[in-house]
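Open your viewer, load the model and keep the selection box handy. We will go stop by stop, with something to select at each one.

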Amino acid sequence: MTLRFIGTTSDDGDCPTLYDIEGTDEILVQGERETDPEHLVQLRDVKESETFVRVPRSLLTRYAPRADAPQRRPFASIAHHFREFRHTAWRLETRRGYASDRNNPKWSRFLAGEDIGGDPDNAWRANVREQTARGKRFERVRLVDEPLTQGQAFLLASAPGNVAAGEDIRNLTRAHACELRLPDHDFWLFDSKVVARFEFDDDDTTLGVYVSEDPAEVLAACQARDAAWHHAVRTEEFAGQVRSTV
């Protein structure tokens, strides 16, 4: 089963840490093993398979879920948020490729070496223009590998059209993201209040999203956003860096 990083109170990459065990209602806790004999003899109903770890109370206070786990829903169910958000719509993209991109008519043109960055507006970019004209912000950080995967190169090539429409798209290397302990899942964060976390299958197809307003989920997303945004590089600058190494 897949583990999903929830959060940590460590600043240097050390434990303790909480993980969600996908597909269950269980949380995995990482921490220092309890070895104090006086404590161990006081534990009750201990099974041979069990072990015990210490974590600070602040870790549970900050990240422990305060509501029932959300149910997966279709991505289309959050479409209204992209029109109705009041201030910011922020996205973290973590995958090495997306099935939706490979199914895009632009994909074959990209493979043929055509310029796909200046295509006419589609419905997405038209909405971005409308919302940003009202002072709202569309922002995203894309994790990238070194060298870029084919899917990441496609997104970089098509990014100018989205940027021209008003999106602020930035890139961050996966190695740097790991140092920052960023989540390894995609999500949208709306107005620092609503998180929509994606689920994909092994072929990079979106299965749906989990929508939550739980304070622990929202806090973790906000912290990831702040760290990623601080270190990420704007699309134009990053594209120049990539060209200089080719």
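What follows is a walk from the whole chain to its sheets, cores and empty spaces.

**The whole chain**

Start with everything shown as a cartoon, and keep in mind that this is a predicted model. The secondary structure comes to 10 helices and 13 strands. Along the principal axes, the C-alpha atoms fill a box of roughly 70 × 40 × 30 Å. Colour the chain by accessibility: of the 246 residues, 43% count as buried. If you draw a contact map, leave out pairs with a separation below 6; residues 24 or more positions apart then account for 67% of the contacts.

**β1 to β3**

Select residues 3-8, 17-21 and 27-30, which are strand β1, strand β2 and strand β3. β1 and β2 run antiparallel and are joined by 5 bridges. One pair to display is Arg4 with its bridge partner in β2, Asp20. On to β3: it is joined to β2 by 4 bridges, again in the antiparallel sense, and Tyr19 stands opposite Leu28.

Now show the side chains of β2. Which of its residues point which way? Thr17, Tyr19 and Ile21 point one way, Leu18 and Asp20 the other. With 5 of its 5 residues buried, β2 is largely enclosed by the rest of the structure, so you may want to hide what lies around this strand. Before leaving, zoom in on the hairpin of β2 and β3, which has 5 residues between the strands; Gly23 in the turn has a positive phi of about 85°.

**The eight-stranded sheet**

Next, select the strands of the open sheet, in the order β6-β12-β11-β10-β7-β8-β9-β13. Its 8 strands have mixed pairing. At the edges stand β6 (72-73) and β13 (233-234); each has a single partner strand, so one side of each is left without a neighbour in the sheet.

For a parallel pair, pick β7 and β8, which share 6 bridges. Leu92 and Val141 in β8 are bridge partners there.

For antiparallel pairs, go to β11. It is joined to β10 by 4 bridges and to β12 by 6. Put Arg197 at the centre of the view: this β11 residue is the bridge partner of Phe187, and it stands opposite Tyr210 in β12. How many of the residues of β11 are buried? The count is 6 of its 7, which leaves the strand mostly covered.

Both of these antiparallel pairs end in turns you can label. The hairpin of β10 and β11 has 3 residues between the strands, and Asp191 takes a positive phi near 55°. Between β11 and β12 the hairpin has 5 residues, with Asp204 at a positive phi near 70°.

**The nonpolar cores**

In soluble globular proteins, nonpolar side chains tend to be buried together. Here the largest nonpolar core has 21 residues, and Phe138, Trp188, Phe190 and Ala196 touch the most other members. Two or more of its residues come from each of α5 (106-111), α7, β10, β11 and β12. β11 supplies the largest share, with 4 residues. A separate second core has 17 residues, including Leu182, Phe187, Val195 and Ala228.

Select Phe138 and expand to its contacts. Leaving aside residues up to four places away in sequence, the residues it touches include Phe82, Phe85, Trp124, Val128 and Trp188.

**The empty spaces**

Finish with a surface. The count comes to 1 cavity of 30 Å³ or more, and the largest cavity holds about 90 Å³ of space. Of the 14 residues that line it, the closest to its centre are Arg142, Val144, Gln152, Leu155 and Asn171. The lining divides into 8 nonpolar, 3 polar and 3 charged residues, and α7 gives the most, with 4.

Then move to the second largest pocket, with about 610 Å³ of space. It is lined by 23 residues, and Arg91, Glu93, Ser100, Asp101 and Arg140 are the closest to its centre. What is the make-up of this lining? It divides into 10 nonpolar, 6 polar and 7 charged residues. Keep α7 highlighted for this last view: the largest share of the pocket lining, 5 residues, comes from that helix.

Note on methods:
Residues are numbered from 1 along each chain as its sequence is written. This is a predicted model: local features need pLDDT of at least 70, side-chain atom pairs count only at pLDDT 80 or more; totals for chains, interfaces and linings use all residues. Side-chain values use heavy atoms; hydrogens and water are left out. On a 1 Å grid over the protein atoms alone, a cavity is a set of points where a 1.4 Å probe fits but cannot get out, and a pocket is an open set with protein on both sides within 12 Å along at least five of seven lines; lining residues have an atom within 4 Å of a point. Grid points are joined across faces, edges and corners, and a volume is the space filled by probe spheres set on the points. Ala, Val, Leu, Ile, Met, Phe, Trp, Tyr, Cys and Pro count as nonpolar, Asp, Glu, Lys and Arg as charged, and the others, Gly among them, as polar. Buried means under 20% relative accessible area, exposed over 50%, partly exposed in between (1.4 Å probe, protein chains only). Two strands pair if DSSP finds at least two bridges between them. A nonpolar core is a set of buried Ala, Val, Leu, Ile, Met, Phe, Trp, Tyr and Cys residues joined through side-chain atoms within 4.5 Å. Contact means heavy atoms within 4.5 Å.
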